[in-house]
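Hi everyone, thanks for letting me have a few minutes. I'd like to walk you through one structure, so let's put it up on the screen.

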Amino acid sequence: MSVLPQIEEEFVSTGQVRVQSRAIAMQGEESVLAAQAAECANEQGQFWEFHDTLYANQVPEHNSGAFSPENLKRFAEALGLETVAFDSCLDSGRYASRVRDDTKVALQMGINSVPTILVNGRAAVSWDLETVREAIQEALGSGQ
Amino acid sequence: MALGSRKGKGPRRGRRGQAGLWSYVIAVVAAAVVATVLIVVIVLSLGGDGDGGGGVDGPVILPSPRPTDIAQEGHLLGSAGAAVTVIEYGDFQ
């Protein structure tokens, strides 16, 4: 579950907020695979399309095959990505160490639950929409 | 005569009664089959993942496209001149 769609609608589309997504893998091997796949999509300029597709195809049970390499490749094909390049990227595992390193850094920063939202560098107390909205409005109001 | 007459009418009423009973049973069974099929179809159409998602092997669900006027640059979304930056640390699972 992500609050980003609402944040985008209310603040990003108006130019007030810029969002950065940092994928970390805390829930097993398919988290690592999904994060790598997003990086492979980023190579073709479609990080956000892939990001949204991953969220749209989440299932409650982790590591159950929903984000298997085969399914991640199906997502890429459905999005119209160049599949030979995407498949090669994913199969190479060239982003695996980066995803694991990013996850380690996040854990060292004290980010031990997902999603964690930082608003101008400050962690929101909670990730629910109302809390994040208030944090953004406060940052906008204070000119931070 | 009277007894014979009763005997003569009795089986005719029984056949009609049996036919009616069978019609009733067939109607009930047919209704039960239709109801079962409907329930199965509804349960399957709702999916087993409880999230509205395509499931492990289901069709890929594609999100609605973003408005084209929202700038995208790698992992960044939105105007470079925005006053506030929101960073989401998330796990795609």
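**Two chains, one sheet**

Let me start with one pair of residues: Val19(A) has Leu77(B) as its bridge partner in S2(B). One thing to keep in mind as we go is that this is a predicted model.

So what do those two residues belong to? Val19(A) brings us to strand S1 of chain A, residues 17-23, which pairs with S2(B) in the antiparallel sense over two bridges. If you're new to this, strands of a sheet pair through backbone hydrogen bonds, either parallel or antiparallel.

Now zoom out a bit. How many strands form the open sheet, and in what order? There are six, and reading across they go S3(A)-S2(A)-S3(B)-S1(A)-S2(B)-S1(B), with mixed pairing. At the edges sit strand S3 of chain A, residues 122-123, and S1 of chain B, each pairing on one side only.

Another pairing across the chains involves strand S2 of chain A, residues 116-119: this strand and S3(B) run antiparallel over four bridges. Opposite Thr116(A) in that pairing you'll find Tyr89(B) of S3(B).

**Where the chains touch**

Okay, on to the contact itself. Chain A puts in 66 residues and chain B puts in 36. The size of an interface is often given as the accessible area lost when the parts come together. Here, chain B and chain A bury about 4700 Å² between them, and 53% of that is on carbon and sulfur atoms. On the chain B side, the residues that lose the most area to chain A are Tyr89(B), Phe92(B) and Gln93(B), together 23% of what that side buries. And yes, Tyr89(B) is the residue we just met opposite Thr116(A).

What about polar contacts and charges? Between the two chains there are 32 residue pairs in polar contact, counting pairs with both residues at pLDDT 80 or more. On chain B's side, strands S1 (72-73), S2 (76-77) and S3 (84-90) each supply at least two of the touching residues. S3(B) gives the most, with seven residues. Sorting that whole side by type gives 17 nonpolar, twelve polar and seven charged residues.

Over all chains, the salt bridges come to nine, and three of these are between chain B and chain A. In one of them, Arg66(B) meets Glu8(A), with the closest N and O atoms 2.7 Å apart. In another, Glu73(B) meets Arg18(A), and there the closest N and O atoms are 3.3 Å apart. That pair crosses from strand S1 of chain B to strand S1 of chain A.

**A few details in chain A**

A disulfide is a covalent bond between the sulfur atoms of two cysteines. This structure holds one over all chains. Cys40(A) and Cys89(A) form the bond, with their sulfur atoms 2.0 Å apart. Why is it called left-handed? Because the torsion about the S-S bond of Cys40(A) and Cys89(A) is about -80°. Cys40(A) lies in helix H2 (residues 29-43) and Cys89(A) in helix H5 (residues 83-92), so the pair ties together parts that are 49 residues apart in sequence.

Last stop, backbone oddities. Most residues other than glycine have a negative phi, and most peptide bonds are trans. Asn63(A) isn't a glycine, yet has a positive phi of about 55°. You'll find Asn63(A) in the loop between helix H3 (47-56) and helix H4 (69-79) of chain A. Then there's the peptide bond from Val114(A) to Pro115(A), which is cis, with omega near -10°. Pro115(A) is in the loop between helix H6 (96-108) and S2 of chain A.

That's my tour, so thanks for listening!

How values were computed:
Residues are numbered from 1 along each chain as its sequence is written. Chains are lettered from A and ligands numbered from 1 in the order in which they are written. This is a predicted model: local features need pLDDT of at least 70, side-chain atom pairs count only at pLDDT 80 or more; totals for chains, interfaces and linings use all residues. Side-chain values use heavy atoms; hydrogens and water are left out. Contact means heavy atoms within 4.5 Å. Buried area is the accessible area (1.4 Å probe) that two parts lose on being put together, summed over both. A salt bridge is a side-chain nitrogen of Lys or Arg within 4 Å of a carboxyl oxygen of Asp or Glu. A polar contact is a pair of N or O atoms within 3.5 Å; within protein, one must be able to donate a hydrogen and the other to accept it, and residues adjacent in sequence count only if both atoms are side-chain atoms. Ala, Val, Leu, Ile, Met, Phe, Trp, Tyr, Cys and Pro count as nonpolar, Asp, Glu, Lys and Arg as charged, and the others, Gly among them, as polar. Two strands pair if DSSP finds at least two bridges between them. A disulfide is a pair of cysteine sulfur atoms within 2.5 Å.
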